[in-house]
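Me: I would like to go through this structure step by step, with some help on how to reason about it. Could we take it one question at a time?

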Amino acid sequence: MRHLACFLLALPLVSQALDEAAFRGDPRHLAGACADRARLLRPKDGKMLAEYGRAFLAAGERSKAEECFMAARIDKAKDADVHRLIAVAWLRAGQRNEALKAIADMQVADPKDRNAFARAAVNLQDGGLAKEADGLMERAWILDPTDWQNCVAFGRSCLRKARRDAAAKWFARASQAKPQEERMWNAIALAFADHGAEPS
């Protein structure tokens, strides 16, 4: 399947579509080949670089992934969400230590970005790191106890992992933050109705 990756990369750098056959190969190789093509088209955007890195990790191309992550950090050194995206890439690749290092970097990059912290807490929870997720979500909540959306999002992720007591804690905090907010009550209702699945 390496020949398919080479084929994709050899195409001219224009908005040229490919036929179905080009996308029927090994998903790992396709991930790397498509990331290479995307990187050639848009090589310097920090968030995109973090996502290219995720594709390279999935393709088994760690050195290219690390190169993208380094470039992303340079482009968006103070953007907590870039560091979060890097953590997600490592989590999905099963690299816990690297993911936790990126989470630590995220907290240094912007120690007040409660939304990035809450999203990262959900990512950690989904990645099976409940203890670390709880700690990070507490930090997000301390930054703004009135943010019911973050509380509900984290509570929903707790439901996905069958952590009903933890979900109850975060839904209670959401309700205490905005008891008259119908959107909050609806979001909690849907979280239970959908067993914690992400909203459509």
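Me: How many disulfides does a search of the whole structure find?
Reply: Keep in mind that we are looking at a predicted model. A disulfide is a covalent bond between the sulfur atoms of two cysteines. To count as one here, two cysteine sulfur atoms must lie within 2.5 Å. Searching the whole structure on that basis, the number of disulfides found is zero.

Me: Which cysteine has the sulfur nearest to that of Cys-68, and how far away is it?
Reply: The cut-off to beat is 2.5 Å between sulfur atoms. For Cys-68, which is in no disulfide, the nearest cysteine sulfur belongs to Cys-34, at 14 Å.

Me: Is Cys-68 buried or exposed?
Reply: A residue is called buried if its relative accessible area is under 20%. The value for Cys-68 is 1%, so this residue is buried.

Me: What about Cys-158: which cysteine sulfur is nearest, and how far off is it?
Reply: Cys-158 has a relative accessibility of 0%, so it counts as buried. It is in no disulfide either, and its nearest cysteine sulfur is that of Cys-151, at a distance of 11 Å.

Me: How many helices and strands are there in the protein?
Reply: Reading along the sequence, you meet the pattern α-α-α-α-α-α-α-α-α-α-α. Each α in that pattern stands for a helix, and the count comes to 11 helices and zero strands.

Me: What percentage of the residues is buried?
Reply: The C-alpha trace spans about 55 × 35 × 30 Å along its principal axes. The protein exposes about 10700 Å², with carbon and sulfur atoms supplying 55% of it. Of its 200 residues, the buried share is 44%.

Me: Which helix gives the most residues to the largest nonpolar core?
Reply: In soluble globular proteins, nonpolar side chains tend to be buried together. Here the largest nonpolar core has 51 residues, and those with the most contacts inside it are Ile-86, Met-106, Leu-136, Val-152 and Phe-154. The top contributor to this core, with eight residues, is helix H5 (residues 80–92).

Me: Which residues does Phe-154 contact, leaving aside its neighbours within four places in sequence?
Reply: Phe-154 is one of the residues with the most contacts inside the largest core. With the sequence neighbours set aside, its contacts are Ala-121, Val-122, Gln-125, Ala-133, Asp-134, Met-137 and Trp-170.

Me: A search finds three aromatic pairs; what kind of pair do Phe-154 and Trp-170 form, stacked or edge-to-face?
Reply: Ring planes over 60 degrees apart count as edge-to-face. The centres of these two rings are 5.6 Å apart and their planes are at 85°, so the pair is edge-to-face.

Me: Where in the chain do Phe-154 and Trp-170 lie?
Reply: Both residues are buried. They are 16 residues apart, and their pair links distant parts of the chain: Phe-154 is in helix H9 (residues 148–160), and Trp-170 is in helix H10 (residues 164–177).

Me: How far is the charged end of Arg-173 from the centre of the ring of Trp-141?
Reply: Arg-173 also lies over the face of Trp-170, at 4.7 Å from that ring centre. Over the ring of Trp-141, the charged end of Arg-173 sits at a distance from the centre of 3.7 Å.

Me: Is Ala-162 buried or exposed?
Reply: Ala-162 lies in the loop between H9 and H10. It has a positive phi of about 60° although it is not a glycine. A residue needs a relative accessible area over 50% to be called exposed. At 65%, Ala-162 is therefore exposed.

Me: What is the phi of His-195?
Reply: His-195 lies in the segment after helix H11 (182–193). Its relative accessibility is 63%, so it counts as exposed. Although it is not a glycine, His-195 has a positive phi of about 55°.

Me: How far apart in space are Arg-92 and Arg-54, C-alpha to C-alpha?
Reply: Arg-92 lies in helix H5. At 59% relative accessibility, Arg-92 counts as exposed. In sequence, Arg-92 and Arg-54 are 38 residues apart, while their C-alpha distance in space is 8.0 Å.

Key:
Residues are numbered from 1 along each chain as its sequence is written. This is a predicted model: local features need pLDDT of at least 70, side-chain atom pairs count only at pLDDT 80 or more; totals for chains, interfaces and linings use all residues. Side-chain values use heavy atoms; hydrogens and water are left out. Rings of Phe, Tyr and Trp (its six-membered ring) pair if their centres lie within 6.5 Å; planes under 30 degrees apart count as stacked, over 60 as edge-to-face and the rest as tilted. Helices (H or I, at least four residues) and strands (E, at least two) are DSSP runs, numbered from the N terminus. Buried means under 20% relative accessible area, exposed over 50%, partly exposed in between (1.4 Å probe, protein chains only). A charge sits over a ring if NZ of Lys or CZ of Arg is within 6 Å of the ring centre and within 35 degrees of the ring normal. Accessible areas come from the Shrake-Rupley method with a 1.4 Å probe; for residues, only the protein chains shown count as cover. A nonpolar core is a set of buried Ala, Val, Leu, Ile, Met, Phe, Trp, Tyr and Cys residues joined through side-chain atoms within 4.5 Å. Contact means heavy atoms within 4.5 Å.
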